[in-house]
Amino acid sequence: MSGLSLKELNKIPVRLASGHRLCAGCAESIIARQILMGTEKDVAVSVSTGCFEVSTTIFPYTSWNIPMVHTAFGNGAAGAAGLETAYKSLKRQGKIDKDIKFVNFAGDGATYDIGLQALSGAMERGHDMMFVCFNNEAYMNTGIQRSSATEKGASTTTSWNGAESYGKKEYPKDMTAVMVAHNIPYVAQTAPYAWRDMVTKARKAFECGGPSFINAISPCPRGWRFAPSDTIAISKLAVDCCVWPLYEVVDGEYSLSADSLRIADGKVEKKPITDWFDSQGRFKHLKDERWAPVVEEIQKDVDKKWEKLLKLCGL
């Protein structure tokens, strides 16, 4: 790929077609198409059970124009690793000469929770594959239940707010840091509004020569309760509030990217957590004055994690 202009990207074949049945405003198809623009080489995909798999493969139809394997909730990484291993064997035997890339797409439930064991194993073994997490911060496909990616204070169908509860009481797991701890060549956080950043990171991930992991925030209009037309703006707000910083870790070296770097340089204002909460119905109960201490605590946690990231990036 000679560049990242729209003209260059338009030369790449459409690998995920329109006509799928994802909800209006869902970010997952946007993210997937941006990721798949990261290479001009052939790609084989495995997709863990979830919204994305169900909505792109409703029998007898499919939105996939490339080879795709459906895997269960818990073994997406194992499925992709199996494809990559079989490919290497066939290549050694001289039965195939194509240069093929492999990627698994999964939601946060199939990444942070149910699929963590298979993911950790695939990364530790060093398979030349990419794992992409659509982080919509809950089990959206089965009814908006909380996951370990759900933000503190969010109301879900299993961590609801009420007279005695402000929603989920635990902070989300830092899955990106977990992947960095596996000492793999490439790890990154992305957001769909920053398409150039997303495609650039996908290209690096595809070409890193080993396992890679991309954690993409994936705003969900149904589960987060906002207008479908606001998906891209919501993904940017996550970055502006430092709830979801954009950065990459290449061979253990951290660096900020896109708007997160501009926030660190003081060129863009860091927005308060209240802006994030005000944008989504899942947090509307936090406007109640009695939960003000919770909001303050969450803001302090965001600030603490942001300062830690700046130090890791040498800033």
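Q: Where does Asp230 lie?
A: In this predicted model, Asp230 lies in the loop between α9 and α10 (231-240). The C-alpha atom of Asp230 is 19 Å from that of Cys51, and 179 residues separate the two along the chain.

Q: Why is Asp230 called partly exposed?
A: The relative accessible area of Asp230 is 33%. Buried requires under 20% and exposed requires over 50%. A value of 33% falls in between, so Asp230 is partly exposed.

Q: What makes Arg225 partly exposed, and not buried?
A: Its relative accessible area is 39%. That value is neither under 20% nor over 50%, so the middle class applies. Arg225 is placed in helix α9 (residues 221-225).

Q: What is notable about the phi of Arg225?
A: Phi of Arg225 is positive, about 65°, although the residue is not a glycine. Ile144 is another non-glycine residue with a positive phi, near 65°.

Q: How do you know that Ile144 is buried?
A: Ile144 has a relative accessible area of 11%. The limit for buried is under 20%, so Ile144 meets it. Ile144 sits in the loop between β4 and α7.

Q: Why is Asn104 called buried?
A: The relative accessible area of Asn104 is 0%. As this is under 20%, Asn104 is therefore buried. Asn104 belongs to strand β3 (residues 100-107).

Q: What makes the pairing of the side chains of Asn104 and Ser46 a polar contact?
A: The two side chains are 2.5 Å apart. The cut-off for a pair of N or O atoms is 3.5 Å, so the distance qualifies. The side chain of Asn104 also makes a polar contact with the side chain of Ser48, at 3.3 Å.

Q: Which residues does Asn104 touch, not counting those up to four places away in sequence?
A: Among them are Ser46, Ser48, Thr71, Ala77, Met130 and Phe131.

Q: Why does Ala118 count as buried?
A: Ala118 has 18% relative accessibility. This is under 20%, so Ala118 is classed as buried. Ala118 is placed in helix α6.

Q: Which residues of α6 are buried?
A: They are Ala118, Leu119, Gly121, Ala122 and Met123. What covers them includes α4, α5 (109-113), β4 (130-135), α7 (175-180) and β6 (212-217). Gly126 follows α6 and has a positive phi, near 85°.

Q: How are helix α4 (residues 76-92) and helix α6 (residues 116-125) placed, judged by their axes?
A: The axes come within 7 Å and cross at roughly 35°. Ala77, Ala78 and Ala81 of α4 and Ala118, Leu119, Ala122 and Arg125 of α6 make the contact. By class, the contact has six nonpolar residues, no polar ones and one charged. Arg counts as charged and both Ala and Leu as nonpolar, so the charged residue is Arg125.

Q: How far apart are Ala118 and Ala78 in sequence and in space?
A: They are 40 residues apart in sequence and 5.6 Å apart in space, C-alpha to C-alpha. Ala118 touches Gly74, Asn75, Ala77 and Ala78, leaving out residues up to four places away in sequence.

Q: Which residues touch the most other members of the largest nonpolar core?
A: Leu119, Met129, Phe213, Trp224, Ile273, Trp276 and Phe277 do, in a core of 64 residues. Helix α13 (residues 292-312) contributes the largest share of this core, seven residues. Another core lies apart from it and has 27 residues, including Ile31, Ile35, Ile66 and Met198. In soluble globular proteins, nonpolar side chains tend to be buried together.

Q: With which residues is Leu119 in contact, leaving aside neighbours within four places in sequence?
A: The contacts of Leu119 are Ala77, Thr111, Phe131, Met175, Met179 and Phe213.

Q: What makes the peptide bond from Phe59 to Pro60 stand out?
A: This bond is cis, with omega near 10°. Pro60 is in the loop between α3 (51-56) and β2 (68-71).

Q: Which residues does the UniProt annotation "domain: Thiamine pyrophosphate enzyme TPP-binding" cover?
A: In the unreviewed UniProt entry, this annotation covers residues 49-215. Over residues 49-215 the chain is 34% helix and 16% strand, and the end C-alpha atoms are 17 Å apart.

Key: Residues are numbered from 1 along each chain as its sequence is written. This is a predicted model: local features need pLDDT of at least 70, side-chain atom pairs count only at pLDDT 80 or more; totals for chains, interfaces and linings use all residues. Side-chain values use heavy atoms; hydrogens and water are left out. A nonpolar core is a set of buried Ala, Val, Leu, Ile, Met, Phe, Trp, Tyr and Cys residues joined through side-chain atoms within 4.5 Å. Buried means under 20% relative accessible area, exposed over 50%, partly exposed in between (1.4 Å probe, protein chains only). Helices (H or I, at least four residues) and strands (E, at least two) are DSSP runs, numbered from the N terminus. Contact means heavy atoms within 4.5 Å. A polar contact is a pair of N or O atoms within 3.5 Å; within protein, one must be able to donate a hydrogen and the other to accept it, and residues adjacent in sequence count only if both atoms are side-chain atoms. Axes are lines fitted to C-alpha atoms, for helices over the stretch in contact, and angles run from 0 to 180 degrees between N-to-C directions. UniProt positions are given in the numbering used here, feature names are shortened, and annotations may be inferred rather than shown by experiment.
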